[in-house]
Amino acid sequence: MRGAGSRDERHTSAAGGQLNAKQLSGRISHASGADELLRLFAAHSASLNHIHAANLWNKLGKQRIERRHEGRLEQLVQRTLDLVSSCRARELANVSHGVAKCGLQARAVHPLFVAVAEAAVRGGLAGFKP
């Protein structure tokens with residue numbers, strides 16, 4: 001008998017069905033490059049949560065981004081906009097840093113940076129006193 005997360009179960013999830021949240025987080029964390037990360041996003045965008053989005057951006061910010069990735073990255077920007085209100089400080093930081101490192105055009109990312117800044121202020125920076 002195989003336990004949850006066994007090799008056979010992971011293979012089945014990847015081949016045909018949706019991954020659960022923990023499996024998707026693991027796949028993102030262990031993805032080998034931008035192509036794999038963007039394939040994961042495309043396959044699971046509807047079930048993506050704020051933690052997944054932040055993890056994707058964190059990992060994408062460390063990859064070599066090519067012009068051919070721009071369309072999918074812009075779709076990830078739009079999906080991330082839907083999730084920003086759920087983000088805590090760490091996720092907001094990961095999103096901001098990853099997006100900046102990807103080097104997308106300002107017109108594509110400006111709305112996301114505005115949303116991240118507003119969420120950061122709502123999340124506690126408004127009460128910050130130096």
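Okay, so let's start with a term: a nonpolar core is a set of buried Ala, Val, Leu, Ile, Met, Phe, Trp, Tyr and Cys residues joined through side-chain atoms within 4.5 Å. And buried, here, means under 20% relative accessible area. Keep in mind that what you see is a predicted model.

With that in hand, look for the largest nonpolar core, which has 31 residues. Which residues have the most contacts inside it? They're Leu 56, Trp 57 and Leu 60. Several helices feed this core: H2 (21–29), H3, H4 (50–60), H5, H6 (89–102) and H7 (106–122) each give two or more residues to it.

Let's zoom in on Trp 57. Leaving out residues up to four places away in sequence, Trp 57 touches a whole list, including Leu 73, Leu 76, Val 77 and Thr 80. Also among its contacts are Asn 94, Val 95, Gly 98 and Val 99, and then Cys 102 and Leu 104.

Now, H4 itself. How many of its 11 residues are buried? Nine of them, so H4 is largely enclosed by the rest of the structure. The buried ones include His 50, His 52 and Asn 55, and also our core residues Leu 56, Trp 57 and Leu 60. And what do the buried residues of H4 pack against? That would be H2, H3, H5 and H6.

Let's take one of those neighbours, H3. The axes of H3 and H4 come within 10 Å and cross at roughly 160 degrees. Angles over 145 degrees count as roughly antiparallel, and that makes H3 roughly antiparallel to H4. The crossing is left-handed. On the H3 side you'll find Ala 34, Leu 37, Leu 38 and Phe 41, and they meet Leu 56, Lys 59 and Leu 60 in H4. By class, this contact has six nonpolar residues, no polar ones and one charged.

H3 also meets H5. The axes of H3 (residues 34–44) and H5 (residues 70–83) come within 10 Å too, crossing at roughly 50 degrees, and these two helices are therefore oblique to each other. Again, the crossing is left-handed. Here Leu 38, Phe 41 and Ala 42 in H3 meet Arg 72, Leu 73, Gln 75, Leu 76 and Arg 79 in H5. By class, that contact has five nonpolar, one polar and two charged residues.

Last thing, a helix tip: an α-helix has 3.6 residues a turn, so residues three or four places apart point the same way. Try that on Leu 38 and Phe 41, which are in the contacts of H3 with H4 and with H5.

How values were computed. Residues numbered from 1 in each chain as written. Predicted model: local features only at pLDDT ≥ 70, side-chain atom pairs only at ≥ 80, totals over all residues. Heavy atoms only, no water. Axes fitted to C-alpha atoms, helices over the stretch in contact; angles between N-to-C directions. Helix = DSSP H or I, 4+ residues; strand = E, 2+ residues; numbered from the N terminus. Parallel < 35°, antiparallel > 145°, perpendicular 65-115°, else oblique. Left-handed = near helix turned anticlockwise from the far one by under 90°. Contact = heavy atoms within 4.5 Å. Nonpolar A, V, L, I, M, F, W, Y, C, P; charged D, E, K, R; others polar. Buried < 20%, exposed > 50% of the residue type's maximum accessible area, 1.4 Å probe, protein only.
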